[in-house]
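Me: I am in my first year and would like a close look at a single part of this model, the open sheet, followed by how the rest of the chain can be read around it. Please take it slowly and connect the pieces as you go.

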Amino acid sequence: MTESINNIAININDFDNKSVTVAGWVRTFRTSKSVGFIEINDGSRMKNAQVVFNPLDIPIKLNTGCSIKVLGVIKPTPNAKQPFEIQATKIELLGDCPSSYPLQKKRHSLEFLRSMPHIRMRTNTLGAVFRLRSIVAFSIHKFFMERGFVHVHTPIITANDCEGAGEMFTVTALPIDAIKESGYEAFQSDFFNTRASLTVSGQLDAEAFALNYAKVYTFGPTFRAEKSNTARHAAEFWMVEPEMAFADLHDDMQLAEDMVKYIITDAMEMAPDEMEFFDRFIQEGLLSRLKSIISSDFERITYTKAIEILLQSGCEFEYAVEWGCDLQTEHERYITEQVFNKPVFVTDYPKDIKAFYMRANDDGATVAAMDLLVPGVGEIIGGSQREEREDVLLDKMKSMGLPVDKYEAYLDLRRFGSVEHAGFGLGFERMLMYLSGIKNIRDVIPLPRTLGNIDG
Ligand code: 4AD
Ligand code: MG
């Protein structure tokens with residue numbers, strides 16, 4: 001069995017002078033007549049391990065990127081940069097790596113690296129991103145489990161458009177010609193006897209479960225055929241969606257704030273080397289900003305207030321600002337970066353720009369919605385208190401022209417023991433962008449699916 005480099009680093013005292021076998025890939029190496037050094041990485045941690053060997057005893061020919069197995073003795077080096085080195089007694093070349101290997105020494109741009117998604121995780125940056133991604137996913141489950149939430153697996157194939165925005169990918173087993181000939185009718189003889197799609201959100205199903213378990217969450221892939229070719233939109237992305245019964249918009253925001261702070265804390269504790277790397281090479285000052293966020297309250301303003309701020313800013317925005325308009329990225333960033341310089345909840349949006357399920361406020365013009373905006377990214381969370389009154393919900397759906405008969409199950413939740421309830425969706429990739437300072441969503445998801453791109 002080979003030993004993981006991370007395990008040795010963490011338990012260095014147990015490995016003092018022990019003989020182990022380590023396997024990994026050669027990042028760099030240098031040899032002189034009497035001594036050779038190899039930086040080896042096995043993916044278990046950010047930092048490489050150093051292998052020291054005598055080229056006279058071990059006459060091995062190495063290349064950057066080749067895979068090797070090393071038998072050696074662990075020597076703790078508490079005063080050096082690395083916690084230990086491996087004094088090799090045997091090195092075996094497993095897979096050689098020719099000079100056509102694209103990751104030779106020089107640094108590549110993130111954009112260039114996207115052209116080889118199967119190789120790019122071997123770089124320090126992407127290696128750190130995907131380890132962080134794994135740790136943050138764990139942290140999210142831990143957060144909800146500690147608070148007694150039940151994890152629900154909501155389906156990926158669905159017949160409902162949760163957001164009502166018509167941005168769904170159709171799922172069909174029909175030959176393309178059948179759709180061409182019969183149009184929409186063709187779906188009646190399709191696999192599900194109706195038109196099916198990839199889900200844009202697990203919320204509607206999560207609501208049903210929240211009306212039994214009170215606190216639930218779902219965490220899975222979601223899909224949007226949204227024609228936005230930006231640095232923060234993906235066609236396939238992951239969403240974390242808690243849903244709570246007996247909770248209003250304020251409880252919802254409190255949960256979101258606690259969750260974001262919890263994730264930041266865990267990222268710094270569980271991925272310290274990765275976070276330090278991002279701070280040094282991706283976004284200067286990242287760590288101190290994140291630390292200050294943990295200890296301060298998030299801002300809370302209404303949409304109406306946000307519009308006032310934007311109108312008084314004296315800025316020339318590309319998209320004109322008036323009450324009733326949707327907030328664009330430039331507006332969101334102005335508010336969170338220029339005005340408050342910290343995370344900001346914007347609440348109580350005009351009803352006409354939000355989804356049908358949001359609870360109507362007494363003013364008749366706004367709904368109990370909340371978006372969380374953060375510096376550098378913009379919106380990372382969208383949530384709301386849900387409309388729990390059957391009559392109000394029915395009127396709303398009809399006025400929006402939704403096919404009411406398709407939402408019978410959803411309406412039942414308002415008929416049988418209806419209660420106040422609320423939830424939100426966190427864009428997992430956007431959270432990772434915020435944590436790492438990485439500017440493009442394509443660099444925080446293993447294989448990005450974006451407008452016009454499904455490579456790899
Ligand atoms: O604001 P959204 O559309 O909210 C919902 O889907 C609700 N049903 C969630 C709920 O209340 N349970 O999406 C939630 C979050 C956004 O704030 C954003 O972070 C992320 O999902 N998101 C995207 N991330 C990447 N690419 C896209 N195309 C995204 N669309 C939304
Ligand atoms: Mg939103």
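**The open sheet and its surroundings**

Reply: In this predicted model, 8 strands form an open sheet with mixed pairing, and their order is S6-S10-S11-S16-S15-S14-S13-S12. The edges are taken by strand S6 (150-151) and strand S12 (299-302), each of which has a single partner strand, so one side of each is left without a neighbour in the sheet. As background, strands of a sheet pair through backbone hydrogen bonds, in either a parallel or an antiparallel sense.

One pairing can be followed in detail: strand S13 (residues 344-347) runs antiparallel to strand S14 (residues 369-374), and 4 bridges join them. Within this pairing, Phe-345 has Leu-372 of S14 standing opposite. Helix H10 (residues 303-312) packs on the sheet, where this helix touches S12 and S13, and its direction makes about 90° with that of S12. Helix H14 (residues 428-436) packs on the sheet as well, touching strand S10 (215-223), strand S11 (236-245), S14, strand S15 (378-385) and strand S16 (421-427), while its direction makes about 60° with that of S16.

Two residues help to place the sheet within the chain. Thr-199 lies in the loop that runs between strand S9 (196-198) and helix H6 (203-213). This residue, Thr-199, counts as buried, because its relative accessibility is 5% and the cut-off for buried is under 20%. Leaving aside residues up to four places away in sequence, Thr-199 touches Pro-155, Ile-156, Thr-158, Met-168, Pro-221, Thr-222 and Phe-223.

Gly-456, by contrast, is found in the segment after H14, and with a relative accessible area of 66% Gly-456 is exposed, since exposed means over 50%. Its contacts, again not counting residues up to four places away in sequence, are Pro-117, Leu-447 and Arg-449. From Gly-456 to Ile-58 the separation is 398 residues in sequence and, from C-alpha to C-alpha, 39 Å in space.

A pair of helices can be read in a similar way. Helix H7 (residues 249-270) packs against helix H9 (residues 286-294) at an angle of about 135°, and their axes are 9 Å apart. H7 and H9 are therefore oblique to each other, and their crossing is left-handed. On the H7 side the contact is made by Lys-261, Ile-264, Thr-265 and Met-268, which meet Leu-287, Leu-290, Lys-291, Ile-293 and Ile-294 in H9. Sorted by character, the residues of this contact of H7 with H9 are 6 nonpolar, 1 polar and 2 charged.

Finally, the open sheet can be set beside a barrel, which 5 strands close in the order S1-S2-S3-S5-S4, with mixed pairing. From one strand to the next, the twist averages 55°. Strand S2 (residues 36-41) pairs with strand S3 (residues 49-53) in the antiparallel sense over 5 bridges, and Gly-36 has Phe-53 in S3 as its bridge partner. S3 in turn runs parallel to strand S5 (residues 84-95), joined by 3 bridges, with Gln-50 standing opposite Glu-85 in S5. Strand S4 (residues 67-76) and S5 pair in the antiparallel sense over 10 bridges, and among these partners Pro-76 is matched with Phe-84 in S5.

How values were computed: Residues are numbered from 1 along each chain as its sequence is written. Chains are lettered from A and ligands numbered from 1 in the order in which they are written. This is a predicted model: local features need pLDDT of at least 70, side-chain atom pairs count only at pLDDT 80 or more; totals for chains, interfaces and linings use all residues. Side-chain values use heavy atoms; hydrogens and water are left out. Axes are lines fitted to C-alpha atoms, for helices over the stretch in contact, and angles run from 0 to 180 degrees between N-to-C directions. Angles under 35 degrees count as roughly parallel, over 145 as roughly antiparallel, 65 to 115 as roughly perpendicular and the rest as oblique. A crossing is left-handed if the near helix is turned anticlockwise from the far one by less than a right angle, and right-handed if clockwise. Contact means heavy atoms within 4.5 Å. Ala, Val, Leu, Ile, Met, Phe, Trp, Tyr, Cys and Pro count as nonpolar, Asp, Glu, Lys and Arg as charged, and the others, Gly among them, as polar. Buried means under 20% relative accessible area, exposed over 50%, partly exposed in between (1.4 Å probe, protein chains only). Two strands pair if DSSP finds at least two bridges between them.
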